[in-house]
Amino acid sequence: MDKKAQASTEYIFLIAIVLVVFIPVLFYSMSKVNTEIKLSKINEMVVSLRQAIKNSYAMGPNNLELVLINIPSGVSSVSISKREITFKIDIFGSSSSDVIIDSPADLIGNISIRPGTHNILINNTNGSLIRLTDKEFLQ
């Protein structure tokens with residue numbers, strides 16, 4: 001009887017040690033995966049918006065293009081001024097990062113920071129001014 005109790009106690013300690021090591025590794029990897037997913041969504045958003053702006057500029061005046069972007073959670077503000085769009089994004093906790101999209105023409109307009117999918121109308125008004133409008137604001 002005494003040896004069975006000792007073996008059971010050893011198994012309990014072994015399982016406890018494995019859990020003490022495994023749980024922090026699991027927490028770290030889940031945190032890392034969530035950060036990588038957010039960075040991937042940000043990259044996809046930037047690439048599609050930049051390409052749509054360049055396409056609209058290349059097509060000339062009175063060109064209208066609709067682009068679908070997915071804004072991830074953590075976007076705290078969007079500013080559109082002159083030839084750039086600046087997204088302030090909280091990726092790594094307390095500090096925020098700026099993601100800047102540059103443009104070949106002057107930009108005006110607005111984009112919502114609500115997380116989710118957005119339809120953005122890109123209108124090359126006169127060849128040197130591109131208007132960005134989130135369809136959310138048109139309803």
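Here is a short back-and-forth about the predicted model shown above.

Me: Before we start, what kind of model is this, and how are the residues numbered?
Reply: It's a predicted model, where local features need pLDDT of at least 70, side-chain atom pairs count only at pLDDT 80 or more, and totals for chains, interfaces and linings use all residues. Side-chain values use heavy atoms, with hydrogens and water left out, and residues are numbered from 1 along each chain as its sequence is written.

Me: Which pattern of helix and strands does the protein chain follow along the sequence?
Reply: Helices (H or I, at least four residues) and strands (E, at least two) are DSSP runs, numbered from the N terminus. On that count the protein chain has 1 helix and 7 strands. Read along the sequence, the pattern is α-β-β-β-β-β-β-β.

Me: What radius of gyration does the protein chain have, next to a compact globule of 139 residues?
Reply: The radius is taken over C-alpha atoms, and the globule rule is 2.2 Å times the number of residues to the power 0.38. The C-alpha atoms fill a box of roughly 90 × 25 × 25 Å along the principal axes. A compact globule of 139 residues would come out near 14 Å, but the protein chain has 24 Å.

Me: How many of the 139 residues, as a percentage, are buried?
Reply: Buried means under 20% relative accessible area, exposed means over 50%, and partly exposed is in between (1.4 Å probe, protein chains only). By that cut-off, the buried share of the 139 residues is 27%.

Me: Why do E2 and E4 each have a side without a neighbour in the sheet?
Reply: Two strands pair if DSSP finds at least two bridges between them. Here 3 strands form an open, antiparallel sheet in the order E2-E3-E4. Strand E2 (75–81) and strand E4 (96–102) stand at the edges, so one side of each is left free, as each has a single partner strand.

Me: Which residue of E3 is the bridge partner of Val-78?
Reply: E2 and strand E3 (residues 84–90) pair in the antiparallel sense over 6 bridges. Within that pairing, the partner of Val-78 in E3 is Phe-87.

Me: Which strands sit at the edges of the sheet with 4 strands?
Reply: That open sheet runs in the order E1-E6-E7-E5, with mixed pairing. E5 and E7 pair in the parallel sense over 5 bridges, while E6 and E7 pair in the antiparallel sense over 5 bridges. The strands that pair on one side only are E1 and strand E5 (106–110).

Me: Which residue in the turn between E6 and E7 has a positive phi?
Reply: In E7, Asp-134 is the bridge partner of Ile-120. E6 and E7 form a hairpin with 4 residues between them, and the one in the turn with a positive phi, about 95°, is Gly-127.

Me: Which element gives the largest share of the largest nonpolar core?
Reply: A nonpolar core is a set of buried Ala, Val, Leu, Ile, Met, Phe, Trp, Tyr and Cys residues joined through side-chain atoms within 4.5 Å. The largest one has 24 residues, and those with the most contacts inside it include Leu-49, Phe-87 and Ile-122. Elements giving two or more residues to this core include helix H1 (2–59), strand E6 (116–124) and strand E7 (129–134). The largest share, 6 residues, comes from H1.

Me: Is Ile-111 buried or exposed?
Reply: Ile-111 lies in the loop between E5 and E6. Contact means heavy atoms within 4.5 Å, and beyond its neighbours within four places in sequence Ile-111 is in contact with residues including Leu-49, Val-78, Phe-87 and Phe-137. Its C-alpha atom is separated by 6.4 Å from that of Thr-133, 22 residues apart along the chain. At 7% relative accessibility, Ile-111 counts as buried.

Me: How many Å separate the backbone oxygen of Gly-60 from a polar atom of the side chain of Asn-124?
Reply: Asn-124 is found in strand E6 and counts as buried, at 0% relative accessibility. Leaving aside its neighbours within four places in sequence, Asn-124 is in contact with Ser-56, Tyr-57 and Gly-60, among others. From the Gly-60 backbone oxygen to a polar atom of the Asn-124 side chain, the distance is 3.1 Å.

Key: Polar contact = N/O pair within 3.5 Å; in protein donor to acceptor, adjacent residues only side chain to side chain.
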